[in-house]
Amino acid sequence: MSFISKSQGQAYEPGYFLAHEECTRETRQFAQAGAVTADNGGKYVPMGTAYPANDATAIGIVYEDVDVTYGDMPGSVVTKGEVYEDKLAITGVDYQEVTPETGDNPKEKGWYERSGSAGSYVYTLTDDTTVQDGTTYYEAIDVRISSAAKTALEALGFKFITSTDVVRPY
């Protein structure tokens with residue numbers, strides 16, 4: 001069982017991202033370094049993040065928020081199971097080029113403009129209210145799990161689905 005604090009993370013039940021409870025869970029040590037800092041100053045590792053990192057070293061997914069405010073703590077990690085990819089924790093953002101249509105208002109749509117050079121691009125919300133010729137616009141896309149982490153976890157027996165893949169009989 002993890003040492004958790006309900007005042008720090010999302011208000012979801014542990015394992016919210018699991019398609020069903022048929023999974024394997026193991027206790028692992030969670031480091032305070034790299035944890036998310038909550039509004040109240042506490043630190044926690046959010047449920048639904050790749051463990052130990054969102055890269056090719058991933059061996060599992062954090063089962064429930066783990067409070068590491070006062071130092072490293074043990075917590076529960078799903079090491080095999082079927083998960084809803086779209087319910088995993090958001091770990092970052094990526095930007096995708098959009099193709100504007102006639103009459104689009106880039107500012108209302110929340111589009112971004114890119115500046116800088118490859119490897120150090122900066123994306124800034126646009127102030128354009130009409131599409132400007134020669135301007136490329138981008139939309140922010142939530143990153144939940146990196147492709148490297150997903151590949152590593154699939155090799156360990158994880159299956160990823162989206163909640164829209166499930167058809168309820170009621």
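## A guided tour, beginning at a strand pair

Begin by selecting strand β10 (residues 112-115), which pairs with β11 in the antiparallel sense over 4 bridges. Within this pairing, S115 has V122 of β11 as its bridge partner. The model on display is a predicted one.

Next, extend the selection to the whole sheet. It is an open sheet of 4 strands in the order β9-β12-β10-β11, with antiparallel pairing. The edge positions belong to β9 (92-97) and β11 (122-125); each has a single partner strand, so one side of each is left without a neighbour in the sheet. On average, and with direction ignored, neighbouring strands here are turned by 50° against each other.

Now move to helix α2, residues 147-155. Which of its residues are buried? Select A149, A152 and L153. These residues lie on the same side of α2, because they cover an arc of only 95° around the axis. Colour S147, T151 and A155 separately: they are exposed, on the other side of the helix. To display what covers the buried residues of α2, add elements including β4 (50-51), β5 (60-62) and β13 (159-161). Then step past the end of the helix to G157, which follows α2 and has a positive phi, near 105°.

From L153, proceed to the largest nonpolar core, which has 15 residues. The members that touch the most other members are F17, I61, V83, L153, F158 and F160. Centre the view on F160. With neighbours within four places in sequence left aside, F160 is in contact with I61, V83, E85, L88, I145, K150, L153 and E154. Another core lies apart from the largest one; it has 8 residues, among them Y51, V62, V68 and V77. As a general matter, nonpolar side chains in soluble globular proteins tend to be buried together.

Finally, zoom out to the full chain, which has 2 helices and 13 strands. Of its 170 residues, 34% are buried. Among contacts with a separation of 6 or more, 68% are between residues 24 or more positions apart.

Colour the chain by pLDDT as the last step. The mean is 89, and 89% of the residues reach 70 or more. Where is the pLDDT below 50? Select residues 1-10. This stretch nevertheless has 28 contacts in the model beyond near neighbours in sequence. Where pLDDT is low, the predicted coordinates should not be read in detail.

Note on methods:
Residues are numbered from 1 along each chain as its sequence is written. This is a predicted model: local features need pLDDT of at least 70, side-chain atom pairs count only at pLDDT 80 or more; totals for chains, interfaces and linings use all residues. Side-chain values use heavy atoms; hydrogens and water are left out. A nonpolar core is a set of buried Ala, Val, Leu, Ile, Met, Phe, Trp, Tyr and Cys residues joined through side-chain atoms within 4.5 Å. Buried means under 20% relative accessible area, exposed over 50%, partly exposed in between (1.4 Å probe, protein chains only). Contact means heavy atoms within 4.5 Å. Two strands pair if DSSP finds at least two bridges between them. Axes are lines fitted to C-alpha atoms, for helices over the stretch in contact, and angles run from 0 to 180 degrees between N-to-C directions. The arc is that of the directions from the helix axis to the C-beta atoms. pLDDT is the predictor's confidence in each residue, from 0 to 100.
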